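Me: I have a model open on my screen and would like to understand the terms used for it. Could you go through them with me?

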Amino acid sequence: MSERAQQLRLLEGLLFAATEPLGEEALFRHLDGAADIPVLLRELAENFAGRGVNLVRLAGGWAFRTAPDLAPKLRVERPVVRKLSRAAVETLAVIAYHQPVTRAEIEQIRGVVVAKGTIDALMEAGWVRPKGRRAGPGRPLLWVTTREFLVHFDLDSLNDLPGVDELRATGLLDLIPPVFPEAAREA
């Protein structure tokens, strides 16, 4: 077996056994110094293209994932342990788009006080974490998203978050305020 074929096999084994996406520097530690990791990764991704699993870039690393066209046939239904509240989803969105951000800044953007349990739920899910303190009065904690956030939402980086135009096109960002039944009756 050629050295290149052996490098591809080792790379495949490392990525298959990994519980989270592996960065190129982590892969380099397992291969000899002569290995061209980016070229090997591209070749491995091409080898798996069109198969049941694909090699994809996630959260700044590489991982095997089920081919997207097979997802509907492989869907496993599991009971959801806990659904995030609307406040938690809004808080997560503010952190994702404005990080690093303080609790006071989150409250200013949302227009309401953030309950302690909201950020706790996001930390428990592994999606946010504190990252230092802002220099200033009170030295408030700064909140950022985690690598687990990127992996869970199938993002390679925060640059892959949808923009305003994409959100508006999907109907998730509506510029017209909702009409409540009480307001409709009064009109």
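Me: Why are H1 and H3 called roughly perpendicular to each other?

Reply: Happy to help! First, this is a predicted model, where local features need pLDDT of at least 70 and side-chain atom pairs count only at pLDDT 80 or more, while totals for chains, interfaces and linings use all residues. Residues are numbered from 1 along each chain as its sequence is written, and side-chain values use heavy atoms, leaving out hydrogens and water. Now, the axes of helix H1 (residues 3–17) and helix H3 (residues 37–48) come within 10 Å and cross at roughly 75°. Angles of 65 to 115 degrees count as roughly perpendicular, and H1 and H3 therefore earn that description.

Me: What makes Arg51 a charge that sits over the ring of Phe48?

Reply: The rule asks for NZ of Lys or CZ of Arg within 6 Å of the ring centre and within 35 degrees of the ring normal. The charged end of Arg51 is 4.8 Å from the centre of the Phe48 ring, and sits over that ring. Phe48 is also among the H3 residues that meet H1, where contact means heavy atoms within 4.5 Å.

Me: How do you know that strands S1 and S2 pair?

Reply: Pairing takes at least two bridges found by DSSP. Six bridges join S1 (residues 53–58) to S2 (residues 61–66), so the strands meet that definition, and they run antiparallel. Val56 stands opposite Ala63 in S2. Two residues lie between the strands of this hairpin, and Ala59 takes a positive phi near 50° there.

Technical notes: Helix = DSSP H or I, 4+ residues; strand = E, 2+ residues; numbered from the N terminus. Axes fitted to C-alpha atoms, helices over the stretch in contact; angles between N-to-C directions. Parallel < 35°, antiparallel > 145°, perpendicular 65-115°, else oblique.
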